[in-house]
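Work through the exercises below with the sequence and the coordinates open beside you. Each task is followed by a solution that proceeds step by step.

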Amino acid sequence: MYKRICELRKNAGLTQKQVAQYLKMSQTGYSKYETGENNPSIGILCALADYYHVSVDYLIERTDIKIPYSKKTKNI
């Protein structure tokens, strides 16, 4: 997961500071996600998935498909 988060940031041409500002946290705190020193919360994973337009499953390496799921609702 850590490698994937780092790759997405670099491919987007962003700095750790820019992503940290988006997440409303310090650059140091964010960098610990990329090194694996800390695990991101579900909320942070969702925010990163939205930011990069990928699924959380892609971030946590459950799939190699980047496309996020559609937000369809069902009538029960």
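A salt bridge is understood here as a side-chain nitrogen of Lys or Arg within 4 Å of a carboxyl oxygen of Asp or Glu. The model is predicted, so that local features need pLDDT of at least 70 and side-chain atom pairs count only at pLDDT 80 or more, while totals for chains, interfaces and linings use all residues. Residues are numbered from 1 along each chain as its sequence is written, and side-chain values use heavy atoms, with hydrogens and water left out.

**Exercise 1. Describe the overall architecture of the protein chain.**

Step 1: The secondary structure comes to five helices and zero strands, where helices (H or I, at least four residues) and strands (E, at least two) are DSSP runs numbered from the N terminus.

Step 2: Along its principal axes, the C-alpha trace spans about 45 × 25 × 20 Å.

Step 3: Of the 76 residues, 36% count as buried; buried means under 20% relative accessible area, exposed over 50%, and partly exposed in between, with a 1.4 Å probe and protein chains only.

Step 4: Among contacts (heavy atoms within 4.5 Å) between residues at least 6 apart in sequence, 46% join residues at least 24 apart.

**Exercise 2. Work out which residues of helix 4 are buried and which elements cover them.** 

Step 1: Helix 4 takes in residues 42-52, and its buried residues are Ile44, Leu45, Ala47, Leu48, Ala49 and Tyr52.

Step 2: The cover over these buried residues includes helix 1 (2-11), helix 2 (16-22), helix 3 and helix 5 (56-59).

Step 3: Just after helix 4 comes His53, whose phi is positive, near 60°.

Step 4: One of the buried residues, Leu45, is also touched by Met1, whose other partners include Asn39, Pro40 and Leu59, when residues up to four places away in sequence are not counted. Met1 itself has its place in the segment before helix 1.

**Exercise 3. Find the salt bridges that involve helix 1, and compare the settings of their partners.**

Step 1: A search of the whole structure finds five salt bridges. Side chains of opposite charge can pair when their charged atoms come close.

Step 2: Lys3 and Glu7 are joined by one of them, at 3.9 Å from N to O. These two residues are four apart in helix 1, and are therefore separated by about one helical turn. Lys3 is exposed, with a relative accessible area of 62%, whereas Glu7 counts as partly exposed at 36%.

Step 3: Arg4 forms a salt bridge with Asp64, the closest N and O atoms being 2.8 Å apart. Because Asp64 lies in the segment after helix 5 and Arg4 in helix 1, the pair ties together parts that are 60 residues apart in sequence. Asp64 counts as exposed at 65% relative accessibility, but Arg4 counts as buried at 12%.

Step 4: Arg4 has a further neighbour, for it lies over the face of Tyr58, at 4.0 Å from the ring centre; a charge sits over a ring if NZ of Lys or CZ of Arg is within 6 Å of the ring centre and within 35 degrees of the ring normal.

**Exercise 4. Classify the aromatic pairs and place their residues.**

Step 1: Rings of Phe, Tyr and Trp (its six-membered ring) pair if their centres lie within 6.5 Å, and planes under 30 degrees apart count as stacked, over 60 as edge-to-face and the rest as tilted. The structure holds three aromatic pairs.

Step 2: The ring centres of Tyr30 and Tyr33 are 6.2 Å apart and their planes stand at 90°, so this pair is edge-to-face. Both tyrosines belong to helix 3 (residues 27-35), where, being three residues apart, they are separated by about one helical turn. Tyr30 counts as buried at 0% relative accessibility, and Tyr33 counts as buried at 10%.

Step 3: For Tyr51 and Tyr52, the ring centres are 5.2 Å apart and the planes stand at 70°, so the pair is edge-to-face. Tyr51 is partly exposed, with a relative accessible area of 26%, while Tyr52 counts as buried at 12%.

Step 4: Tyr51 and Tyr52 form one aromatic cluster together with Tyr22.
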